[in-house]
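I opened my notebook today to look up a few things in a new structure. Here is what I went through, entry by entry.

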Amino acid sequence: MTTKLFSWTVPLLLLLTACPATELKLDTPTGLNATAGDEQVVLVWQASDPKIINYVLKIETADNVADEVVVPAPATATTIKQLSNETIYSFRIAAASNDKKRSDFSQAVTATPKAVSTGGGGEQPKVTTPTGLVVSAGDASVTLSWNENPETDLKGYTVLWGTESTNLSQTKDVTAATRMVVDGLSNNTTYFFSLEAENNKGERSERSNIEVATPLAVPVQPVVESIEIENNGSSLQVRQGTSFAMIVKGQRLGKVSAMLDTLTATVATNTDTE
C-alpha cells in the first residue's frame with residue numbers, strides 16, 4: 001500500500017490593531033492674577049508649556065458679555081483697557097500651540113476697575129496723576145511716553161518699573177520731558193511700568209495706571225558678502241557693493257533643477273569693491 005503525504009503551506013496572518021495615540025494636551029497656565037486700575041485691569045500669569053505660541057484670555061461680565069484677547073508668547077502679562085469702572089469682570093486663560101491645540105481654561109479670577117481717587121471730601125489732589133502712559137518694547141529696552149501734566153510748578157516725573165506689578169522697585173526721575181527709554185532690560189522678561197508726578201514743593205501725585213511690556217531680541221538678518229557664479233570651469237566673483245546684470249539662456253544654474261529661459265539678477269549695496 002502506498003501512503004501519500006500531503007503538506008500545505010498556510011500563510012500566517014498577523015493582525016495589528018492600530019491604537020490611536022493619546023493626544024497630549026497643553027498644560028493650563030497657572031497663577032493668573034488680576035489687578036484693577038482706572039478703566040483697566042492688569043493680568044499676570046505663569047508660563048505653562050514651551051510649545052505655546054499664544055495665550056487666550058476670556059473676559060466675561062455678570063451680564064454674560066464675553067470677549068477673547070490673544071497675547072503672543074513669551075509675554076506673561078497684559079493690560080486689558082477700555083473697561084467700565086465699577087463693573088465686575090471675570091478672567092480665565094488658556095494656552096494655544098502652533099498646531100491649533102488649546103489647553104483647558106484656568107479657574108476664573110475677578111477684578112473691578114475703579115476711577116482714580118480725587119481725595120477725601122471731594123478735594124482735588126495737589127498734583128495731577130499722569131495720564132496717557134504708553135510703553136513700547138524693543139531689544140533689551142522699553143520706550144515710555146505720556147501726556148504732559150497741567151501744573152505750572154511741576155518739577156518732573158518719576159518712572160517706576162519692575163518684574164512684579166506689586167513691586168516696582170526700579171525708579172528714575174525725568175524732568176521737562178514726556179518720553180524716556182529704559183534700557184539694560186532682559187529680553188523675554190515681562191516688566192511693569194508706572195508713573196508719578198511731583199511739584200516744586202515735593203508734593204507727589206498718585207501712581208498712574210500700570211502698563212506692561214516684554215522686550216524681545218531683534219532677529220539678525222543675514223549679510224551677503226559675495227556671490228560666486230561658476231559655469232564651464234570658469235567663475236565670476238561679485239563682491240559686495242558691485243552692481244551687475246546677467247542673462248542666461250538654457251543654462252542650469254548651480255543647484256537649480258529647472259531650465260531657465262531668462263534670468264536677470266542685480267546686486268547693489270555699497271560702492272566698496274575689491
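**Entry on Val 71.** I started with Val 71, which is buried at a relative accessible area of 7%. A reminder to myself: this is a predicted model. I placed Val 71 in strand 4. Next I looked up what surrounds Val 71. Setting aside neighbours within four places in sequence, I found Val 71 in contact with Trp 45, Asn 54, Tyr 55, Leu 57, Ala 77 and Thr 78. I also checked the backbone: the C-alpha atoms of Val 71 and Tyr 55 are 5.1 Å apart, although 16 residues separate the two along the chain.

**Entry on the sheet.** In what order do the four strands of the open sheet run? I read the order as 4-3-6-7, with antiparallel pairing. Strand 4 and strand 7 are at the edges with a single partner strand each, so one side of each has no neighbour in the sheet. From one strand to the next, I noted a twist that averages 30°. I then followed the pairing of strand 3 with strand 4, which is antiparallel and runs over seven bridges. Across strand 4, I found Asp 67 standing opposite Ile 59.

**Entry on salt bridges.** How many salt bridges does a search of the whole structure find? I got nine. I picked out a few of them.

I looked at Glu 68 and Lys 58 first, whose closest N and O atoms are 4.0 Å apart in a salt bridge. Glu 68 lies in strand 4 (residues 66-72) and Lys 58 in strand 3 (residues 52-61), so this pair ties together parts ten residues apart in sequence. I have Glu 68 down as partly exposed, at 37% relative accessibility.

Lys 126 came next, in a salt bridge with Glu 203 whose closest N and O atoms are 3.4 Å apart. Lys 126 lies in the loop between strand 7 (109-111) and strand 8 (134-137), and Glu 203 in the loop between strand 13 (191-199) and strand 14 (211-213), so the pair ties together parts that are 77 residues apart in sequence. Is Lys 126 buried or exposed? I noted Lys 126 as exposed, with 65% relative accessibility, while Glu 203 is partly exposed at 23%.

Then I turned to Glu 196, which forms a salt bridge with Arg 204, the closest N and O atoms being 3.0 Å apart. Glu 196 counts as buried at 13% relative accessibility, and Arg 204 as partly exposed at 38%. I followed this pair further and found a network of salt bridges linking Glu 196, Glu 198, Arg 204 and Arg 207.

**Entry on the cores.** Which residues touch the most other members of the largest nonpolar core? I found Leu 43, Trp 45 and Phe 91, in a core of 20 residues. I noted that strand 1 (30-36), strand 2 (41-46), strand 3, strand 6 (89-97) and strand 7 each supply at least two residues of this core. For Phe 91, leaving out residues up to four places away in sequence, I listed its contacts, among them Leu 32, Val 41, Leu 43, Ile 59, Ile 80, Leu 83 and Val 109. Lys 58, which I had met in the salt bridge with Glu 68, is also one of the residues that Phe 91 touches.

I closed with a second, separate core of 18 residues, including Val 174, Met 180, Leu 185 and Phe 193.

Methods
Residues numbered from 1 in each chain as written. Predicted model: local features only at pLDDT ≥ 70, side-chain atom pairs only at ≥ 80, totals over all residues. Heavy atoms only, no water. Salt bridge = Lys/Arg side-chain N within 4 Å of Asp/Glu carboxyl O. Buried < 20%, exposed > 50% of the residue type's maximum accessible area, 1.4 Å probe, protein only. Pairing = 2+ DSSP bridges. Axes fitted to C-alpha atoms, helices over the stretch in contact; angles between N-to-C directions. Contact = heavy atoms within 4.5 Å. Core = buried A, V, L, I, M, F, W, Y, C linked by side-chain atoms within 4.5 Å.
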